[in-house]
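Please look over the sequence and the 3D structure shown here. The report below walks through the fold step by step.

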Amino acid sequence: GQAFLTDIDAGTTNSDVDGGFTTLLSPVFDGTAIEGAVIGYQRWYDDLFGAAPGLDQMDISISNNGGSSWQILEVVTESVGAWVTVEFPIESVITPTSQMRLRFVVGDYNDGSVVEAGIDNLRVFGVECDDTPSIPGDLNGDGLVNGSDVGLFLALWGTSDPDADLN
């Protein structure tokens with residue numbers, strides 16, 4: 001229900017980071033809770049105006065030891081004028097642990113740029129597959145749809161066997 005933004009100042013158009021940086025840290029989360037876990041988020045980054053446009057950045061990092069050390073996920077320098085959806089399989093970047101953290105650092109490192117950033121829809125997710133046949137109609141799981149599947153279908157017809165529910 002909430003996005004994290006560098007600033008919201010309804011009275012002016014100045015809603016940026018000035019002369020330094022802003023850091024957003026996630027709480028510790030379990031990257032092993034689901035096999036093949038993916039980190040996803042939406043980000044907004046803009047650095048098109050001011051005295052040194054295009055020279056600043058937002059660094060996004062991940063830690064698997066509660067924040068003692070960090071691995072860069074991405075360095076954002078492009079101002080696209082839209083929310084960008086990003087996803088990273090955790091294990092493609094770092095070994096998943098139960099002590100994972102994310103860090104977002106946006107900075108105005110040069111001469112007075114207007115640097116704005118936002119993070120929204122942060123999530124850790126994965127896909128769990130059940131044991132249903134991967135080919136529609138392959139009821140016995142042998143990778144083929146043939147008479148064996150029809151025979152199994154007819155044998156289960158009208159029974160109370162939970163495998164007979166084919167819809």
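## Overall fold

The protein chain has one helix and eight strands. The model is a predicted one. Along the sequence, the elements follow the pattern β-β-β-β-β-β-β-β-α. The helix therefore ends the pattern, by the DSSP numbering that runs from the N terminus.

The chain holds 167 residues, and 29% of them are buried. Now consider contacts between residues at least 6 apart in sequence. Of these, 73% join residues at least 24 apart.

## The four-stranded sheet

How are strands held side by side? Strands of a sheet pair through backbone hydrogen bonds, either parallel or antiparallel. Here, four strands form an open sheet in the order β1-β8-β3-β6, with antiparallel pairing. Its edge strands are β1 (4-5) and β6, and each of them pairs on one side only.

Strand β3 covers residues 38-50, and β6 covers residues 84-89. The two run antiparallel and share six bridges. Within this pairing, G40 sits opposite E87 of β6. β3 also pairs with β8, residues 113-125, again in the antiparallel sense. This time there are ten bridges. One place to find the pairing is V38, whose bridge partner in β8 is F125.

When you trace these strands, keep one general rule in mind. In a regular strand the side chains alternate between the two faces of the sheet.

## Strand β7 and its partners

Is β7 mostly covered or mostly open? Five of its seven residues are buried, so by the cut-off of under 20% relative accessible area the strand is mostly covered.

Which strands pair with β7? One is β2, residues 21-25, which runs antiparallel to β7 and is joined to it by five bridges. In that pairing, L25 has R103 as its bridge partner in β7. Another is β4, residues 57-63, which pairs with β7 in the antiparallel sense over seven bridges. There, the bridge partner of D59 is V105 in β7.

## An aromatic pair

A search of the whole structure turns up three aromatic pairs. One of them is formed by Y41 and F104, and this pair is edge-to-face. The ring centres are 5.4 Å apart, and the planes meet at 90°. Y41 belongs to strand β3 and F104 to strand β7 (residues 101-107), so the pair ties together parts that are 63 residues apart in sequence. Both Y41 and F104 are buried.

## A buried aspartate

D138 lies in the loop between β8 and α1 (147-156). D138 is buried, yet has no salt bridge. Where is the nearest side chain of opposite charge? It belongs to R123, and is 31 Å away. A salt bridge needs the charged atoms to be within 4 Å, so R123 cannot form one with D138 here.

What does the side chain of D138 reach instead? It reaches the backbone nitrogen of G143 at 2.7 Å. A polar atom of the D138 side chain also lies 3.2 Å from the backbone nitrogen of D142.

## The two ends of the helix

At the start of α1, N146 makes a contact with the backbone. One of its side-chain oxygens comes to within 3.1 Å of the backbone nitrogen of S148. After α1 comes G158, and its phi is positive, near 80°.

How values were computed:
Residues are numbered from 1 along each chain as its sequence is written. This is a predicted model: local features need pLDDT of at least 70, side-chain atom pairs count only at pLDDT 80 or more; totals for chains, interfaces and linings use all residues. Side-chain values use heavy atoms; hydrogens and water are left out. Two strands pair if DSSP finds at least two bridges between them. Rings of Phe, Tyr and Trp (its six-membered ring) pair if their centres lie within 6.5 Å; planes under 30 degrees apart count as stacked, over 60 as edge-to-face and the rest as tilted. Buried means under 20% relative accessible area, exposed over 50%, partly exposed in between (1.4 Å probe, protein chains only). Lys and Arg count as positive and Asp and Glu as negative; His and the chain ends are not counted. A polar contact is a pair of N or O atoms within 3.5 Å; within protein, one must be able to donate a hydrogen and the other to accept it, and residues adjacent in sequence count only if both atoms are side-chain atoms. Contact means heavy atoms within 4.5 Å.
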